[in-house]
Amino acid sequence: MANKHIGSSFDDFLEEEGTLAETNAIAIKRVVAWQIQQKNVTYSPQPVRQAKVFAYGKILNTYLQE
């Protein structure tokens with residue numbers, strides 16, 4: 001007996017809805033922005049630079065929400 005709760009993948013669902021490419025693009029942008037922010041925060045020894053990185057991250061988040 002097959003499990004009735006197992007079906008297609010989430011990618012298949014997004015493809016059926018026609019939003020797979022857009023969703024992947026948004027996810028990639030967010031991951032890249034997060035990676036940039038994490039790297040800058042990790043290697044910034046000065047509090048002023050950390051504040052600038054935080055502000056840059058907020059700008060990226062605003063851009064990604066468009």
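The protein chain contains 3 helices and 0 strands. Along the sequence, the elements follow the pattern α-α-α. The model is predicted. Of the 66 residues in the protein chain, 12% count as buried. The chain exposes about 5,900 Å², and 58% of this area is supplied by carbon and sulfur atoms.

Helix H1 spans residues 10-17. Phe10 lies in this helix, and Glu17 is found there as well. Phe10 and Phe13 are 3 residues apart in helix H1, which means that about one helical turn separates them. The two side chains were examined for ring geometry and exposure.

The structure holds 1 aromatic pair. The ring centres of Phe10 and Phe13 are 6.0 Å apart and the ring planes meet at 25 degrees, so the pair is classed as stacked. Two cut-offs underlie this assignment: rings pair if their centres lie within 6.5 Å, and planes under 30 degrees apart count as stacked. Both quantities are needed because a pair of aromatic rings is described by the distance of the centres and the angle of the planes.

The two members of the pair fall into separate exposure classes. Phe10 has a relative accessible area of 58% and is therefore exposed, whereas Phe13, with a relative accessible area of 40%, is partly exposed. The assignment follows because exposed means over 50% relative accessible area and buried means under 20%, with partly exposed in between. Phe10 was also compared in position with Leu20: the two residues are 10 apart in sequence, and their C-alpha atoms are 9.4 Å apart in space.

Charged side chains also gather on the surface. A patch of negative charge is made up of Asp11, Asp12, Glu15, Glu16 and Glu17. Of these residues, Glu17 is found in helix H1. Like charges are joined into such a patch within 9 Å.

A nonpolar patch on the surface is formed by Ile28, Val32 and Ile36. Together these residues have about 240 Å² of accessible area. Ile28 is found in helix H2, which covers residues 20-42. With a relative accessible area of 54%, Ile28 is exposed, because the limit for that class is over 50%. Patch members must have over 30% relative accessible area and no salt bridge, and nonpolar side chains are joined within 5 Å.

Key. Residues are numbered from 1 along each chain as its sequence is written. This is a predicted model: local features need pLDDT of at least 70, side-chain atom pairs count only at pLDDT 80 or more; totals for chains, interfaces and linings use all residues. Side-chain values use heavy atoms; hydrogens and water are left out. Accessible areas come from the Shrake-Rupley method with a 1.4 Å probe; for residues, only the protein chains shown count as cover. A salt bridge is a side-chain nitrogen of Lys or Arg within 4 Å of a carboxyl oxygen of Asp or Glu. Lys and Arg count as positive and Asp and Glu as negative; His and the chain ends are not counted. The place of a charge is taken as NZ of Lys, CZ of Arg, CG of Asp or CD of Glu. Helices (H or I, at least four residues) and strands (E, at least two) are DSSP runs, numbered from the N terminus. Rings of Phe, Tyr and Trp (its six-membered ring) pair if their centres lie within 6.5 Å; planes under 30 degrees apart count as stacked, over 60 as edge-to-face and the rest as tilted. Buried means under 20% relative accessible area, exposed over 50%, partly exposed in between (1.4 Å probe, protein chains only).
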